[in-house]
Amino acid sequence: MLWRIELFGGLRAYSGDHAITRFQTYKTGALLAYLAYFRGRNHPREELINILWPDVDPTAARNRLSQALVWLRPRLEPSQADRNSVLCTDRHHIGLHQEAVQTDSAQLEIAIQSLSGASPHDQINGLRSAIDPYRNELLTGFYEDWIFPERQRFARL
């Protein structure tokens, strides 16, 4: 199952007829946003806890991470046959399979990188199509510390 996750202008995930536009909690959405933005990497659970729940008791924070995963898994992988096809987890790490997820932010970066060396005319046309996904700032409505520098980077880009 291939997911398209849109990070510009908020957070939305689409796969065929499935859409995720609302999340159990704000932090569940923030977890998916982080995993999607840094897809293809396995993130240590403790790192995710420190990013998303820095001021929460470690035991409570681990429980909140587990609850977020319990909510996300059946939505990203609706059948048992799909298990671990999108969300890969083990006792120590969590990530999204890069082949199973596309993001508008990665699409924009790839499009801009592909313009290097192109003629000015092709660069203008390429930039017009590249900025199409950039409807609004990165993850509008999310206020996690890691988002602000990325928002500024995309604004400069």
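In this predicted model, the crossing of helix 1 and helix 2 is right-handed. The two helices pack at an angle of about 125°, and their axes lie 11 Å apart. Since angles over 145 degrees count as roughly antiparallel and those from 65 to 115 as roughly perpendicular, helix 1 and helix 2 are therefore described as oblique to each other. The contact between them is made by Lys-27, Ala-30, Leu-31, Tyr-34 and Leu-35 on the side of helix 1, which meet Glu-47, Leu-48, Ile-51 and Leu-52 of helix 2.

Helix 1, which spans residues 26-37, also lies across strand 4, strand 5 and strand 6, and runs at about 70° to strand 6. These 3 strands form an open sheet in the order 4-6-5, with antiparallel pairing. Strand 4 (43-44) and strand 5 (87-89) stand at the edges of this sheet, and because each has a single partner strand, one side of each is left without a neighbour in the sheet. Strand 5 is joined to strand 6, residues 93-96, over 3 bridges in the antiparallel sense, and within this part of the sheet Leu-87 is placed opposite Leu-96 of strand 6.

A second group of pairings involves strand 1, which is joined to strand 7 (residues 101-103) by 3 bridges, the two strands running parallel. Here Arg-4 has Gln-102 of strand 7 as its bridge partner. Strand 1 is also joined by 3 bridges to strand 2 (residues 12-15), but in this case the strands run antiparallel, and Ile-5 stands opposite Ala-13 in strand 2. The hairpin formed by strand 1 and strand 2 has 5 residues between the strands, and in this hairpin Gly-9 takes a positive phi near 80°.

Helices and strands come together in the largest nonpolar core, which contains 40 residues, and of these Ile-5, Leu-31, Leu-96 and Leu-139 touch the most other members. The elements that give two or more residues to this core are strand 1 (3-6), helix 1, helix 2 (45-52), helix 3 (58-76), strand 6 and helix 6 (147-156), and the largest share, 8 residues, comes from helix 1. The surroundings of Leu-96 can be described in further detail: when its neighbours within four places in sequence are left aside, Leu-96 is in contact with residues including Ile-5, Leu-32, Leu-35, Ala-36, Leu-76, Val-86, Leu-87 and Val-101. Also among the contacts of Leu-96 are Arg-39, Gly-40, Arg-41 and Cys-88.

Technical notes. Residues are numbered from 1 along each chain as its sequence is written. This is a predicted model: local features need pLDDT of at least 70, side-chain atom pairs count only at pLDDT 80 or more; totals for chains, interfaces and linings use all residues. Side-chain values use heavy atoms; hydrogens and water are left out. Two strands pair if DSSP finds at least two bridges between them. Helices (H or I, at least four residues) and strands (E, at least two) are DSSP runs, numbered from the N terminus. Contact means heavy atoms within 4.5 Å. Axes are lines fitted to C-alpha atoms, for helices over the stretch in contact, and angles run from 0 to 180 degrees between N-to-C directions. A nonpolar core is a set of buried Ala, Val, Leu, Ile, Met, Phe, Trp, Tyr and Cys residues joined through side-chain atoms within 4.5 Å. Buried means under 20% relative accessible area, exposed over 50%, partly exposed in between (1.4 Å probe, protein chains only). Angles under 35 degrees count as roughly parallel, over 145 as roughly antiparallel, 65 to 115 as roughly perpendicular and the rest as oblique. A crossing is left-handed if the near helix is turned anticlockwise from the far one by less than a right angle, and right-handed if clockwise.
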